[in-house]
Amino acid sequence: MLTFFHFFLLSVSFSLPALALEQSPDTVIEQGQSTNLSCSKKKSTSTAMHWYRLPLGKDSRLVLIASAVQAGKATVEVDLRSHFKCSEIQGDKITLLIDHAFLNDSGMYYCAESETQ
Ligand SMILES: *[C@@H]1O[C@H](CO)[C@@H](O)[C@H](O)[C@H]1NC(C)=O
Ligand SMILES: *[C@@H]1O[C@H](CO)[C@@H](O)[C@H](O)[C@H]1NC(C)=O
């Protein structure tokens with residue numbers, strides 16, 4: 001039996017106008033596979049971009065995964081560095097690589113932007 005898990009990708013922006021960020025479409029991969037999630041800030045001049053995950057489950061909370069500042073390096077949260085990688089902001093775009101995903105990586109992945117880190 002195959003175990004599938006789902007990444008439901010939604011765009012969320014912390015700044016107005018809402019939906020200024022464009023994310024890659026919903027993705028479903030199998031355990032152990034890898035995927036890149038991308039997000040572009042088309043109409044925005046914000047200086048930092050972030051990835052959050054809302055794990056599946058009733059009492060889940062948004063968890064910060066990675067942040068990048070314009071013209072700086074991206075930082076992945078320490079406990080996730082083994083299989084998450086985040087690009088720098090390239091042009092208006094940031095990419096999150098999930099490498100050899102675990103089942104518990106399932107959830108909704110949100111891209112966000114802010115003026116400071
Ligand atoms: C993710 O993007 C990186 C950098 O462009 C690329 O090397 C890698 O093959 C991509 N992985 C997948 C699973 O698409
Ligand atoms: C997710 O699953 C992996 C592999 O089973 C495990 O190593 C890791 O600790 C789990 N992470 C969390 C947050 O439970």
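Where along the chain is S60 found? S60 sits in the loop between strand 5 and strand 6, and that loop is a handy place to start a tour of this predicted model. From there we can visit an open sheet of 4 strands, a nonpolar core of 18 residues, the surroundings of ligand 1 and two residues with a positive phi.

**The loop residue S60**
- S60 counts as exposed because it has 12 C-beta neighbours inside 10 Å, and 12 or fewer is the cut-off for that class.
- Setting aside neighbours within four places in sequence, S60 is in contact with L54 and P55.
- S60 and G107 are 47 residues apart along the chain, yet their C-alpha atoms are separated by 9.6 Å.

**The open sheet**
- The 4 strands of this open sheet come in the order 2-4-9-8, and their pairing is antiparallel.
- At the edges are strand 2 and strand 8 (84-86), each of which pairs on one side only.
- From one strand to the next, the twist averages 15°.
- Walking across the sheet, we begin with strand 2 (residues 21-23) and strand 4 (residues 35-41), which run antiparallel and are joined by 3 bridges.
- Within that pairing, E22 has S40 in strand 4 as its bridge partner.
- Next, 6 bridges link strand 4 to strand 9 (residues 93-98), again in the antiparallel sense.
- Here N36 stands opposite L97 of strand 9.
- Finally, strand 9 pairs with strand 8 over 3 bridges, also antiparallel.
- In this last step, F84 faces I98 in strand 9 as its opposite number.

**Around ligand 1**
- Which residues surround ligand 1? They are S34, T35, N36 and L97.
- Two names here are familiar from the sheet: N36 and L97 stand opposite each other where strand 4 meets strand 9.
- By type, the shell around ligand 1 divides into 1 nonpolar residue and 3 polar ones, with no charged residue.

**The nonpolar core**
- The largest nonpolar core has 18 residues, and those with the most contacts inside it are W51, A66, C86, L96 and C111.
- At least two residues of this core come from each of strand 4, strand 5 (48-55), strand 6, strand 9 and strand 10.
- The most generous contributor is strand 10, which gives 4 residues.
- W51 is a good residue to look at here: leaving out its neighbours within four places in sequence, W51 is in contact with I65, A66, C86, L96, Y109 and C111.

**Two residues with a positive phi**
- Most residues other than glycine have a negative phi, so positive values are worth a look.
- A71 has a phi near 60°, although this residue is not a glycine.
- A71 lies in the loop between strand 6 (63-69) and strand 7 (74-76).
- Is A71 buried or exposed? A71 is exposed, because 8 other C-beta atoms lie within 10 Å and the class takes in 12 or fewer.
- H100 also has a positive phi, of about 50°, without being a glycine.
- H100 is found in the loop between strand 9 and strand 10 (107-114).
- H100 counts as exposed too, because its 11 C-beta neighbours inside 10 Å fall within the cut-off of 12 or fewer.

Terms used:
Residues numbered from 1 in each chain as written. Chains lettered and ligands numbered in written order. Predicted model: local features only at pLDDT ≥ 70, side-chain atom pairs only at ≥ 80, totals over all residues. Pairing = 2+ DSSP bridges. Buried ≥ 20, exposed ≤ 12 C-beta atoms within 10 Å, placed from the backbone. Near = placed C-beta within 6 Å. Nonpolar A, V, L, I, M, F, W, Y, C, P; charged D, E, K, R; others polar. Axes fitted to C-alpha atoms, helices over the stretch in contact; angles between N-to-C directions. Core = buried A, V, L, I, M, F, W, Y, C linked by C-beta atoms within 7 Å. Contact = placed C-beta atoms within 7 Å.
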